[in-house]
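Here is a short briefing on one protein chain. Look at the fold, the cores and the cysteines.

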Amino acid sequence: MKKPSSQGGYANSSGSILEQTIVSTVEQKGFEVVPYSEYHKRPLDFGSELLLRNVPYTTIYGHSGKTEFLLLSKDLNLEIRIECKWQQTSGSVDEKFPYLYLNCVETMPEKTIFIVVGGSGAKPGAVQWLKYAAQNKLFMAADSEKDIRVLSLEDFLVWANRVLLW
């Protein structure tokens, strides 16, 4: 097995494990995993219980961005955008939390957004700030219906086992 040759390669590899855990969990609950690009072209070719991958949105800067997943369930009346952020060692992922949060608030169209955070390398206070911002609806209009949740991988698994019944 080839080891990643750079810090960035290592981070990408570790982040992929987080994403694969989410995919595996949701597949076990009966969801079909489909690239957004395929679903967008032929939505009628797929069922109603889906986990879409690489879902686009327009960032607060007006650029194209992508989120790892969009969970769609007609049976459970769910539409949840899922962002995955892994930081096992020191790096810059946590420095992007305010940018990510503002994108969740301002430009991501879904009302419910999960930010799944893994690893233990975030700077002290970074994950706590993100959780505080989400819980206190910082930068949101008073009447905003957005539900932004910051979850550990364990929190996500507990949620999936409780909500995604099959």
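The points below cover the overall fold, the nonpolar cores and the cysteines.

The model is predicted. The protein has 5 helices and 6 strands. Two nonpolar cores are described, one of 19 residues and another of 18. No disulfides turn up in a search of the whole structure.

**Overall fold**

- The elements run α-β-α-β-β-β-α-β-α-β-α, starting from the N terminus.
- The radius of gyration is 16 Å, close to the 15 Å that the globule rule gives for 166 residues, so the protein is as compact as a globular protein of that length.
- Along its principal axes, the C-alpha trace spans about 50 × 45 × 35 Å.
- Contacts between residues at least 6 apart in sequence include many distant pairings: 62% join residues at least 24 apart.

**Burial and surface**

- Buried residues make up 39% of the 166 in the protein.
- The accessible surface comes to about 9700 Å². Carbon and sulfur atoms account for 52% of that surface.

**Nonpolar cores**

- In soluble globular proteins, nonpolar side chains tend to be buried together.
- The largest nonpolar core here has 19 residues. Those with the most contacts inside it are Ile22, Val26, Leu71, Ile82, Phe156, Trp159 and Leu164.
- Five elements each give two or more residues to this core: the helices α1 (7-28) and α5 (153-163), and the strands β3 (64-73), β4 (78-86) and β5 (112-118).
- Another core lies apart from this one and has 18 residues. Among them are Cys104, Val127, Met140 and Val150.

**Contacts of Leu71**

- Neighbours within four places in sequence are left aside here.
- Leu71 is in contact with Val26, Trp159 and Leu164, among others.
- Its contacts also include Leu78, Glu79, Ile80 and Ile82.
- Phe31, Leu50 and Leu51 are in contact with Leu71 as well.

**Cysteines**

- Why is Cys104 in no disulfide with Cys84? The two sulfurs are 12 Å apart, which is too far for a bond. A disulfide needs the sulfur atoms within 2.5 Å.
- Cys84 is likewise in no disulfide, and the nearest cysteine sulfur to its own is that of Cys104.
- Cys84 is buried, because its relative accessible area is 6% and the cut-off for buried is under 20%.
- Cys104 is buried too, with a relative accessible area of 0%.

Definitions and conventions. Residues numbered from 1 in each chain as written. Predicted model: local features only at pLDDT ≥ 70, side-chain atom pairs only at ≥ 80, totals over all residues. Heavy atoms only, no water. Buried < 20%, exposed > 50% of the residue type's maximum accessible area, 1.4 Å probe, protein only. Core = buried A, V, L, I, M, F, W, Y, C linked by side-chain atoms within 4.5 Å. Helix = DSSP H or I, 4+ residues; strand = E, 2+ residues; numbered from the N terminus. Contact = heavy atoms within 4.5 Å. Rg over C-alpha atoms; globule rule 2.2 N^0.38 Å. Areas by Shrake-Rupley, 256 points an atom, 1.4 Å probe, with all protein chains shown as cover.
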